[in-house]
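Good morning, everyone, and thank you for letting me take a few minutes of the meeting. Please have a look at the structure on the screen, and then we will go through it step by step.

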Amino acid sequence: MIELHQYPGSWGLPSSSPFCIKVETYLLITQIPYKTVWENNPGRGPKGKMPFIKDQKKVIADSSFILEYLQSNYEPNLDLNMDETQKVIMLAFQRLIEESLYWVLLYSRWGDTQGWQEIKKEITPMLPPLIGKAIIHIIRKNLLRQAYAQGMGRHTREEIYSIGKSNIEALAKFLENKPYFFGDKPRSIDCSFYSFLITILQSPVTGPLQDYTKSFVNLREYCARISEKYWQTDGNNC
Ligand SMILES: N[C@@H](CCC(=O)N[C@@H](CS)C(=O)NCC(=O)O)C(=O)O
């Protein structure tokens, strides 16, 4: 059976990483059997990040490569019968979510003062006693260094949230009142989109990103719909 290696969750989320929730949502929608292996140390993954999967002797890291692998080796494939335009739009929105919105989310959790206080309170007890307080500062430094190298970390707080808001607005406008991103049927993009929405909405990390996301009724309803249908939760946290 497939093993999904992922971080444990916080605040009622299935995992603290949206990329882990993305893969698990895909597995739940497709009903491909799997079991979770909880990991706290990203160094245990082949790319130093979570998630990764093991399937018999194969190890695949990176949520997008994992979904590609699942689509090539298991049924159903959520992305069958999409036209070329839909595929291009899907790729562009996936990049918007995972390569831009991700860094805004990271900043809201680790860079912004309120988020950092919440993160510290939640994660420190999961780390080894005595050295946990030092480790959480090292993790923060490392993540903020990544954000600086990527570029997002060089912007002011206002600039970062204005990027986040325009991303959320584009997603909300494209979704309209459709049940899923491309209509009546869930596609792999719904796994990315949902995982980021639930991570933003179901969190004590408040602030402009969460407030703006909450202001879109269609996003909250979409999030609740997927939570109820595939995660069997009441969707009240969306
Ligand atoms: N492109 C990767 C991104 C995965 C990723 O960034 N994972 C983060 C958690 S959200 C991580 O494990 N970071 C650990 C680190 O950078 O030290 C994917 O799609 O799986």
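**Two domains and a ligand**

The domain assignment divides the protein chain into domain 1, residues 2-73, and domain 2, residues 84-231, and please keep in mind throughout that this is a predicted model. Taken over C-alpha atoms, the centres of the two domains are 18 Å apart, and the contact between them draws on 22 residues from domain 1 and 27 residues from domain 2. Together the domains bury about 2100 Å² between them, with 69% of that area on carbon and sulfur atoms. On the side of domain 1, the residues that lose the most area to domain 2 are W11, P18 and I29, which together make up 33% of what that side buries.

Now let us turn to the ligand. Where does the ligand lie with respect to domain 1 and domain 2? It lies between them, because both domains give residues to the shell around it. That shell has 14 residues, and the closest are Y7, M50, D62, S63 and Q146. By type, the shell divides into 7 nonpolar, 5 polar and 2 charged residues, and helix 5, residues 132-150, contributes the most to it, with 3 residues.

Looking at single atoms, we find a polar side-chain atom of D62 at 2.8 Å from a nitrogen atom of the ligand, while a polar side-chain atom of Q146 is 2.8 Å from an oxygen atom of the ligand. For K49, an N or O atom of the side chain is 3.5 Å from a ligand oxygen atom. Of the 510 Å² of accessible area that the ligand has on its own, the protein covers 84%.

Technical notes
Residues are numbered from 1 along each chain as its sequence is written. This is a predicted model: local features need pLDDT of at least 70, side-chain atom pairs count only at pLDDT 80 or more; totals for chains, interfaces and linings use all residues. Side-chain values use heavy atoms; hydrogens and water are left out. A residue is near a molecule or strand if one of its heavy atoms lies within 4 Å of it. A polar contact is a pair of N or O atoms within 3.5 Å; within protein, one must be able to donate a hydrogen and the other to accept it, and residues adjacent in sequence count only if both atoms are side-chain atoms. Accessible areas come from the Shrake-Rupley method with a 1.4 Å probe; for residues, only the protein chains shown count as cover. Helices (H or I, at least four residues) and strands (E, at least two) are DSSP runs, numbered from the N terminus. Ala, Val, Leu, Ile, Met, Phe, Trp, Tyr, Cys and Pro count as nonpolar, Asp, Glu, Lys and Arg as charged, and the others, Gly among them, as polar. Domain bounds come from an automatic or database domain assignment. Contact means heavy atoms within 4.5 Å. Buried area is the accessible area (1.4 Å probe) that two parts lose on being put together, summed over both.
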